[in-house]
Amino acid sequence: MDSEKGFIPFKRTSFEGEELKKRVQEFYQFMDQRRSLRDFSDKPVPKAVIENIIMAASTAPSGANKQPWTFCAISSREIKKQIREAAEKEEFVNYHGRMSDSWLEDLKKFGTNEIKPFLEIAPWIIVVFKRSYEEENNEKKNNYYVSESVGLASGFLLAAIHHAGLVALTHTPSPMNFLSKVLNRPKNEKPFLLIPVGYPAEDALVPDITRKSKDEVIVFYE
Ligand code: IYR
């Protein structure tokens, strides 16, 4: 393509044949090892590692490239404690009335309850915020496809954490507005996901559950 103003050539290695098949198979097998963890070790993870993981997440595509996200990375014991206390308060109400019987039934295999020690044990909590608008010269400018964009960035974040050999939990204490207060976030940001990150505890357990088969998740039209 002729060069056009505002565009640069796209250059990237591509693969074919057996190498292509091997790569996609290995990547699938690698991703299939990812699990959501609730049993964390308190072993520290360097700040530079978290920073890199977040920058990998921030390479996600977004509506009009607005990158409508902020990642708050918390290692402060005091703030983690505040988050745990506020989350457990909300979760108590969830588990004792706010969630339906069928929801509670669906959660049985995960063994969850309102007690969330991982919020203090994990060395880092990443709170992903979505930015629904930007304020420029006192003017509100809406972002586009904000939940889709921030969902994609969160997926990239989980993949980067997995690639680092670390583990995470996608946690959504609900409602989550206490996070805006505790972290002193501006009005245009709303909490999207809370993700503890760290090493797994030595005796960590995960639920014995399976993923859907390819016949259940893919429909080809050839
Ligand atoms: N937020 C609660 C309940 C919960 C909801 C779903 I959907 C899960 O997949 C797991 C838990 C909690 O974190 O305990």
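Helices here are DSSP runs of H or I with at least four residues, numbered from the N terminus. Keep that in mind, please, for the labels to come. One more thing up front: this is a predicted model.

Let me start with the whole chain. It has 8 helices and 6 strands. In sequence order the pattern runs α-α-β-α-α-α-β-β-β-α-β-α-β-α. Along the principal axes, the C-alpha atoms fill a box of roughly 60 × 50 × 40 Å.

Now the pockets. How much space lies in the largest pocket? About 560 Å³. There are 24 lining residues, and R38, L107, F110, T112 and T170 are the closest to the centre of this pocket. Two elements, α3 and α4, give two or more residues to that lining. Which one gives the largest share? Helix α3 does, with 4 residues. By class, the lining of the largest pocket holds 8 nonpolar, 8 polar and 8 charged residues.

Next, the ligand. Where does the ligand sit? The space it takes is the largest pocket. Again α3, residues 77-98, and α4, residues 101-107, are the elements that give two or more residues to the shell around the ligand. Here is the full list of residues around it: R38, E91, Y95, W103, L107, N113, K116, H171 and T172. That shell divides into 3 nonpolar, 3 polar and 3 charged residues. Two names should sound familiar. R38 and L107 are around the ligand, and both are among the residues closest to the centre of the largest pocket.

Let me go through some contacts. Take Y95: an N or O atom of its side chain is 2.5 Å from an oxygen atom of the ligand. Then E91: a polar atom of its side chain lies 2.9 Å from a ligand nitrogen. Then H171: a side-chain N or O atom is 3.2 Å from an oxygen atom of the ligand. How much of the ligand does the protein bury? Taken alone, the ligand exposes 380 Å², and the protein buries 71% of that.

On to the second largest pocket. About 240 Å³ of space lies in it. It is lined by 17 residues, and R38, D39, F110, G111 and F118 lie nearest its centre. R38 and F110 are in that group, and we met both at the centre of the largest pocket, among the closest residues there. By class, the lining of the second largest pocket has 10 nonpolar, 4 polar and 3 charged residues.

Last, two details of the backbone. Some background helps here. Most residues other than glycine have a negative phi, and most peptide bonds are trans. Now, which residues does a cis peptide bond join? S174 and P175, with omega at about -5°. P175 is in the loop between β5, residues 167-168, and α7, residues 178-182. The other detail is Q67. Its phi is near 50°, a positive value in a residue other than glycine. Where is Q67? In the loop between α2, residues 47-57, and β1, residues 69-74.

To recap. The ligand takes the space of the largest pocket. Helix α3 gives the lining of that pocket its largest share. The protein buries 71% of what the ligand exposes when taken alone. That's my tour. Thank you.

How values were computed
Residues are numbered from 1 along each chain as its sequence is written. This is a predicted model: local features need pLDDT of at least 70, side-chain atom pairs count only at pLDDT 80 or more; totals for chains, interfaces and linings use all residues. Side-chain values use heavy atoms; hydrogens and water are left out. A residue is near a molecule or strand if one of its heavy atoms lies within 4 Å of it. A polar contact is a pair of N or O atoms within 3.5 Å; within protein, one must be able to donate a hydrogen and the other to accept it, and residues adjacent in sequence count only if both atoms are side-chain atoms. Accessible areas come from the Shrake-Rupley method with a 1.4 Å probe; for residues, only the protein chains shown count as cover. On a 1 Å grid over the protein atoms alone, a cavity is a set of points where a 1.4 Å probe fits but cannot get out, and a pocket is an open set with protein on both sides within 12 Å along at least five of seven lines; lining residues have an atom within 4 Å of a point. A molecule sits in a cavity or pocket if more than half of its atoms lie within 2 Å of its grid points. Ala, Val, Leu, Ile, Met, Phe, Trp, Tyr, Cys and Pro count as nonpolar, Asp, Glu, Lys and Arg as charged, and the others, Gly among them, as polar. Grid points are joined across faces, edges and corners, and a volume is the space filled by probe spheres set on the points.
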